[in-house]
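I am keeping these notes as I look things up one by one. The sequence and the structure come first, and my entries follow.

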Amino acid sequence: MKKVLLVVALLGLVGAGAGAYYLRHTGPGLQVNTAAVTAGPVVDTVAATGALQAVTTVQVGSQVSGNIRALKADFNSIVRRGQVIAELDPSLFEAQLQQAKANLLKSQSDVERLRVTVEDSTRKLRRAEQLFARHLIAESDLEAAQVELKANQAQLQSSQAQVEQARASLTQSQVDLNHTIISAPIDGIVISRNVDVGQTVAASFQSPTLFVIAADLTKMQVNANIDEADIGRIRPGQRVRFRVDAYPAEEFIGTVSQIRLQPVVVQNVTTYATVIDVPNPQLKLKPGMTANVNVEVASRDHAVRVPNTALRFRPTVDMFAALNQAVPPELEPRARPGDGRPGAGGPGGRRMGA
């Protein structure tokens, strides 16, 4: 029994070694994938990424400082040109307007008073001239009357200038009061609101942005950044296909409308902004969405089409052997120096003597 077990163990070891040797030297079977050569349209595209935005966007700000008293528009509100969308507290500007009106009335009364003084000085000068002609007063009295008239006339002109200044101040106060009512400058939809009721806006150095209004979201644009290596192939009017993450199964169509000349350099990579017009009748596209753009730079309708993997395929000698096909001459192994064949320069080859 021990001899039988020993023989069985030896046979198992020999079988296992033979199987390992076979698997190591033969390996798995060769698999070849084939594809048919077809004829059809072929398109050469340039890929890029961009962001969607409205064609016309207006930032609505405040030209005066104050507290927000009322907001009459919110996000996604449709507004018309001239519609009131916000109001500032007008109490301070109303007080300034009343003060400007009072200053104007005071300046006008001063003008009337000085006009009467000038008329009186004019009569005194005429009387002095008559008396001087009859040698009833001295010449110095006549000169004093002339100086008094000129001084009153100068004061009258100064007062008239103050009236104009007061009138301008009144107009400015009225304009500031009107600016507390903020209206929509265009027809559109509110896409951003940056203030709340009770918030204070300061317009001392820069006009604060209260709202952002997009004119028409049925027509949008994609601002795509095209690499400098591909920008020479982009032309206005080229067709563009793009997708957005919100609708991964849907493809949108656009048209190149403008290639801007100002370069954009980010980490030593130069790109150029390309504007693409996009119709948006169903309002699916939203401002700020990221678009994966493919610009069609060239196309052929009836071209021979081969898969790209076939163009990158490089067969080996083993593949031809597995398919029982002849090996092309360019794949046959060439003789190398020192391989022992005649003419190879090895020990069995000929040597050139001196």
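**A loop residue**

I began with Gln238, which I found in the loop between strand β10 and strand β11, the latter covering residues 239-244. I kept in mind from the start that this is a predicted model.

Is Gln238 buried or exposed? I looked up its relative accessible area, which is 12%, and because buried means under 20%, Gln238 is buried.

I then asked which residues Gln238 touches once its neighbours within four places in sequence are left aside. My list holds Arg233, Gly254, Thr255, Val256, Val295, Glu296 and Val297. For Arg233 I noted a further detail, namely that its backbone oxygen lies 3.0 Å from a polar atom of the Gln238 side chain.

**The aromatic rings**

Next I searched for aromatic pairs and found that the structure holds two. In one of them, the ring centres of Phe242 and Phe252 are 5.6 Å apart and the planes meet at 25°, so I entered this pair as stacked. Phe242 belongs to strand β11 and Phe252 to strand β12 (residues 247-266), so that the pair links distant parts of the chain, with the two positions 10 residues apart in numbering.

The other entry is Tyr247 with Phe252, an edge-to-face pair with 6.2 Å from centre to centre and 65° between the planes. Through these ring pairs, Phe242, Tyr247 and Phe252 are linked into a cluster.

How accessible are the members of this cluster? I wrote down 1% relative accessibility for Phe242, which therefore counts as buried, and 10% for Phe252, which counts as buried too. Tyr247 has a relative accessible area of 25% and is partly exposed.

**The barrel**

I then followed the strands and traced a closed barrel of six, in the order β1-β10-β13-β12-β11-β14, with antiparallel pairing. From one strand to the next, the twist averages 45°.

As an example of the pairing I looked at strand β10 (residues 219-227) and strand β13 (residues 269-279), which run antiparallel to each other and are joined over nine bridges. One residue I checked by name was Asp227, and its bridge partner in β13 is Thr271.

**How far to trust it**

Last, I looked up the confidence and found that the mean pLDDT of the protein chain is 86, with 85% of its residues reaching 70 or more. Over residues 342-354, however, the pLDDT is below 50, and this stretch has nine contacts in the model beyond near neighbours in sequence. I add a caution to myself that predicted coordinates should not be read in detail where pLDDT is low.

Conventions:
Residues numbered from 1 in each chain as written. Predicted model: local features only at pLDDT ≥ 70, side-chain atom pairs only at ≥ 80, totals over all residues. Heavy atoms only, no water. pLDDT = per-residue confidence, 0-100. Contact = heavy atoms within 4.5 Å. Pairing = 2+ DSSP bridges. Helix = DSSP H or I, 4+ residues; strand = E, 2+ residues; numbered from the N terminus. Axes fitted to C-alpha atoms, helices over the stretch in contact; angles between N-to-C directions. Buried < 20%, exposed > 50% of the residue type's maximum accessible area, 1.4 Å probe, protein only. Polar contact = N/O pair within 3.5 Å; in protein donor to acceptor, adjacent residues only side chain to side chain. Phe/Tyr/Trp six-rings, centres within 6.5 Å; stacked < 30°, edge-to-face > 60°.
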